[in-house]
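Visitor: I am new to this structure and should like to learn how to read it. Please show me the entry, and then let us begin.
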Amino acid sequence: MSRNPNAAETADAWDAVVRFDDVSMRYGREPETLRDLTFSLPQGSFHFVTGPSGAGKTSLLKLIYLAAQPSKGLLHLFGQDVAQTPAQVRPFLRRRIGVVFQEFRLLDHLSAFDNAAVPLRIAGQKPDSYRQDVAELLTWVGLKDRMHALPPTLAGGEKQRLAIARAVVGRPDILLADEPTGNVDHEMGLRILRLFLELNRLGTTVLIATHDQDLVARSGMPVLHLEDGRLVHMGPIPAGARA
Amino acid sequence: MSRRRGSGSFDLDRWRPSPFLPERDTRDSALVFVVAVLCFLACLTALGVIASDRAARGWSHQLTGEMTVIVRPKANETPDSAAARAAETLAGVNGVAEARALEREKAEALIAPWLGEAADLADLPVPRLVAVILDRESPASARSLQQALSARGLDAVVDDHTTWLADIQRGAAIARWVGLGVFLLISAAAAAVVAFATRAGLAARREVVELLHLTGAEDAFIARLFQVRFAQMAAGAGLVGAAGAAVLGAALRLGGGGQGLTPVLPVAWSDLLAVLPCPLAAALVAAVAARMTAASLIRELS
């Protein structure tokens, strides 16, 4: 379990690894997708991002993994104002963030093993230093027999597990996951949740966007609930919503 | 204990990281073909420019090194003796390496095209010609030759070839500049195609760029991947094009013997060396284009 499930509400916001100050975001000239978000995530916290489709869950994650920029407000990552962070520093911030993309974003010409090892290669690690870890992680997510397989030959659930393996292989400081259990069965969903909880226990800050209320309820972790781009609730899951 | 781990055909101990970019992509074959063709044309043009330059220099060399003297016999001597006397006189002039009276047949052969086969040249007073080869270091002038002939009482006209030299040199210079212009145009077209195709190829791999970018790869790292890949591709295409042009150049050289296919456009074996920089130039253009395109694409993502 998390060391501190409700850390977001009690920690000093200035020590947070993620801090939103009145942040809004829009795509081009479209209406704002996210509006006036203010919250912080302390190191080692675990949160779900919930809300109906189109509420802005994926956009919120995009801001944190630096695939988008706020149109208003201040976003701090690891204590740094993202808007003021030099471009050459941003890759090093991204290396501290593991992402499970909703659409997986696997490289089709690389084997499952190579895909899982991408973050470690980018970080400059030598193959001998990580090949065993990658193999063990792939075994753990149930891809032991699919290490050589190319993504187009993998089933949806296998792709999802591979994407998760790639996100966590570098022991990131922040783990972001966008619907990570959307394509796996219930049992695998629970295994993935346990993996995330284990990473969180080791100090990783975890933020998971999901529609899976059962997963949220089972974890007992707090939620950031979005509706129409606004943060309408932050804290423990409402009692009525528990499984 | 076996070192083999994993299962199926995956051997963990033998695993080596695969390149981030696909080894082969069918979308690249059009790029390779077009670059090879353009490099071939650029190399052929370069060979043509070199050969035409050599031809022009050869013509200039001949014109400045030779003169012809037309000798008209006086009443008291035969054409042959007048020509012999003129040759002897000219051979003694400073700046003349050799002076030789041409036989009547050669003189007749020279004017035959102007009179046609029907004319009976035996009845015509065909002037004799003396071919003069000048000293390369300090050639005699037409005026000094004329003065020497007049001093010996010879009725002769010195035909100074250098009268046409300026026209030939101007023509050669125009041919050289036109060839150079065509070469530069083809090279620019090749560069533009490489740049365009590189951009298209890179856009087609946008998902790789995005994934690497979001996983923390530095911009220079991503740009270098594409730079190396497209430079290799263009170098290979350039090599094919250059090799094709070199083969054609060699065929022209062999087909024409020592003078190349034709004395008008002589090709030397050493000219074939001109194709060597082509693969390097193609690789350089592709590398620059790929780097700029990748940087632009990454800027869009940031």
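**Reading the two chains**

Guide: B:R291 is partly exposed, because 18 other C-beta atoms lie within 10 Å. By definition a residue is buried if 20 or more other C-beta atoms lie within 10 Å of its own, exposed if 12 or fewer, and partly exposed in between, with C-beta atoms placed from the backbone. This is a predicted model: local features need pLDDT of at least 70, side-chain atom pairs count only at pLDDT 80 or more, and totals for chains, interfaces and linings use all residues. Residues are numbered from 1 along each chain as its sequence is written, while chains are lettered from A and ligands numbered from 1 in the order in which they are written.

Visitor: Where is B:R291 found, and with which residues is B:R291 in contact, leaving aside its neighbours within four places in sequence?

Guide: Helices (H or I, at least four residues) and strands (E, at least two) are DSSP runs, numbered from the N terminus. B:R291 belongs to helix 8 (residues 277-301) of chain B. Two residues are in contact if their C-beta atoms, placed from the backbone, lie within 7 Å. Apart from neighbours within four places in sequence, B:R291 is in contact with B:A223 and B:Q227. Between B:R291 and B:L273 there are 29 Å, C-alpha to C-alpha, at a sequence separation of 18 residues.

Visitor: Is B:P266 buried or exposed?

Guide: B:P266 counts as buried because it has 20 C-beta neighbours inside 10 Å. Its place is in the loop between helix 7 (219-255) and helix 8 of chain B.

Visitor: How should one read the phi angle?

Guide: Most residues other than glycine have a negative phi, and most peptide bonds are trans. In this model A:L66, although not a glycine, has a positive phi of about 65°. A:L66 sits in the loop between helix 2 (57-64) and strand 4 (72-77) of chain A, and it is buried, because 22 other C-beta atoms lie within 10 Å. A:D228 is not a glycine either, and has a positive phi of about 55°. The loop between strand 9 (223-227) and strand 10 (230-235) of chain A holds A:D228, which counts as partly exposed because it has 14 C-beta neighbours inside 10 Å.

Visitor: How many residues of each chain are in contact with the other?

Guide: In chain A 28 residues are in contact with 22 residues of chain B. Helix 4 of chain A gives the largest share of the side of chain A that touches chain B, 7 residues. That side divides into 17 nonpolar, 3 polar and 8 charged residues; Ala, Val, Leu, Ile, Met, Phe, Trp, Tyr, Cys and Pro count as nonpolar, Asp, Glu, Lys and Arg as charged, and the others, Gly among them, as polar.

Visitor: What is a nonpolar core, and which residues touch the most other members of the largest one?

Guide: A nonpolar core is a set of buried Ala, Val, Leu, Ile, Met, Phe, Trp, Tyr and Cys residues joined through C-beta atoms within 7 Å. The largest has 127 residues, and A:L138, B:C39, B:C43, B:A234, B:A282 and B:A286 touch the most other members. Helix 1 (residues 29-65) of chain B gives the largest share of this core, 16 residues. A second, separate core of 22 residues includes B:M67, B:A82, B:A86 and B:A156.

Visitor: How many helices and strands does chain A have?

Guide: Chain A has 8 helices and 10 strands. Of its 243 residues, 48% are buried.
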